[in-house]
Amino acid sequence: MFVIPVLLGIFLFRYIQTKIAADYIQSLPIKRSTLFHQNMLLGALILVVPILITRVVTFAVKGVLTVENVYTTEDVISWVGYSILINLFVLTGTVLAGMFTGMSVLQGIFLYVLFLLPDGLSYLAISNVKLYWYGYAYDYYMSKNIDRLVPFLHVVQMVAHKSFSTSVFVYIGLIILFYIIALITYQKRRVEAAT
């Protein structure tokens with residue numbers, strides 16, 4: 001969930017990182033917004049279709065298995081929903097990071113730093129409050145709240161609970177926000193900004 005969407009986002013928009021490819025693609029009689037939507041749709045299809053195929057195969061295997069309670073229909077539906085959600089979140093985050101960088105390697109690194117930034121800032125804030133506030137429940141806040149801020153760890157919690165939570169709406173909102181900001185940035189980006 002955190003490797004393939006990153007690589008896909010890097011390679012789908014690789015042409016904006018190299019001067020010759022950027023000049024060629026941008027000289028075509030196609031609007032920038034159309035190119036952006038086309039690449040994002042292709043990326044979403046590449047990520048979602050294998051998950052849906054796996055869902056169909058999993059249901060087929062479940063019908064054949066004689067052992068009961070290996071996994072339930074709710075388990076499969078939960079896994080499919082969260083997998084699609086997180087894959088699209090990581091893809092849009094990668095594309096957003098790519099609009100602000102000029103090198104593909106930096107795009108991937110910047111994305112992972114962006115995902116770990118809330119955790120790092122929270123850790124620093126909690127550590128500093130511990131120094132100045134006597135009786136502050138440092139261990140409680142470090143163990144309870146920090147894990148929700150890192151997508152890598154939060155996904156594990158969401159899938160384990162198998163319940164619909166408000167974090168789904170947060171991820172959907174972030175996907176929409178990342179998409180809109182990346183689209184606006186892509187339209188305003190100068191072709192000569194490549195490399």
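## A chat about an all-helix model

Author: Quick start: this is a predicted model, and the protein has eight helices and zero strands.

Reader: What pattern does the protein follow along the sequence?
Author: With eight helices and zero strands to place, the order is easy to write down. Read from start to end, the protein goes α-α-α-α-α-α-α-α.

Reader: What are the rough dimensions of the box that the C-alpha atoms fill?
Author: The box is taken along the principal axes of the protein. Its sides come to roughly 60 × 55 × 25 Å.

Reader: How much of the protein is buried?
Author: Buried here means under 20% relative accessible area. The protein has 195 residues, and the buried share of them is 37%.

Reader: And what share of the accessible surface belongs to carbon and sulfur atoms?
Author: The accessible surface of the protein adds up to about 11,800 Å². Carbon and sulfur atoms hold 70% of that.

Reader: Looking at contacts with a separation of 6 or more, what share comes from residues 24 or more positions apart?
Author: Contacts count here when heavy atoms lie within 4.5 Å. Among those with a separation of 6 or more, residues 24 or more positions apart account for 75%.

Reader: How far apart are the mean positions of the positive and negative charges?
Author: The protein carries 13 positive and 8 negative charges. Take the mean position of each set, and the two are separated by 12 Å.

Reader: Let's go to the aromatics. Which kind of aromatic pair do F13 and Y186 form?
Author: The structure holds nine aromatic pairs. One of them joins F13 and Y186, with ring centres 6.0 Å apart and 75 degrees between the planes. Planes over 60 degrees apart count as edge-to-face, so this pair is edge-to-face.

Reader: How many residues apart are F13 and Y186?
Author: F13 sits in the loop between α1 (4-12) and α2 (19-27), while Y186 belongs to helix α8. Both residues are buried. The pair links distant parts of the chain, and the separation is 173 residues.

Reader: Which residues form one aromatic cluster?
Author: This cluster has phenylalanines and a tyrosine in it. The members are F2, F89, F115, Y171 and F178.

Reader: Now N39 in helix α3: is N39 buried or exposed?
Author: N39 is found in helix α3, residues 32-64. Its relative accessibility is 11%, and the cut-off for burial is under 20%, so N39 counts as buried.

Reader: Which side chain does the side chain of N39 make a polar contact with?
Author: Leaving aside neighbours within four places in sequence, N39 is in contact with L12, F13 and Y15. The polar contact between side chains spans 3.2 Å, and the partner is Y15.

Reader: Which backbone oxygen does the side chain of R189 reach?
Author: R189 lies in the segment after α8. R189 is buried, with a relative accessible area of 12%. At 2.9 Å, its side chain reaches the backbone oxygen of M99.

Reader: What about I172, is it buried, exposed or partly exposed?
Author: I172 is in helix α8, residues 166-188. Its relative accessibility is 37%, and the range for buried ends under 20% while exposed starts over 50%, so I172 counts as partly exposed.

Reader: Last one: how far apart in space are N128 and G98?
Author: N128 lies in helix α5, residues 104-132, and is partly exposed at 42% relative accessibility. N128 and G98 are 30 residues apart in sequence. C-alpha to C-alpha, the distance is 33 Å.

Methods
Residues are numbered from 1 along each chain as its sequence is written. This is a predicted model: local features need pLDDT of at least 70, side-chain atom pairs count only at pLDDT 80 or more; totals for chains, interfaces and linings use all residues. Side-chain values use heavy atoms; hydrogens and water are left out. Helices (H or I, at least four residues) and strands (E, at least two) are DSSP runs, numbered from the N terminus. Buried means under 20% relative accessible area, exposed over 50%, partly exposed in between (1.4 Å probe, protein chains only). Accessible areas come from the Shrake-Rupley method with a 1.4 Å probe; for residues, only the protein chains shown count as cover. Lys and Arg count as positive and Asp and Glu as negative; His and the chain ends are not counted. The place of a charge is taken as NZ of Lys, CZ of Arg, CG of Asp or CD of Glu. A polar contact is a pair of N or O atoms within 3.5 Å; within protein, one must be able to donate a hydrogen and the other to accept it, and residues adjacent in sequence count only if both atoms are side-chain atoms. Rings of Phe, Tyr and Trp (its six-membered ring) pair if their centres lie within 6.5 Å; planes under 30 degrees apart count as stacked, over 60 as edge-to-face and the rest as tilted.
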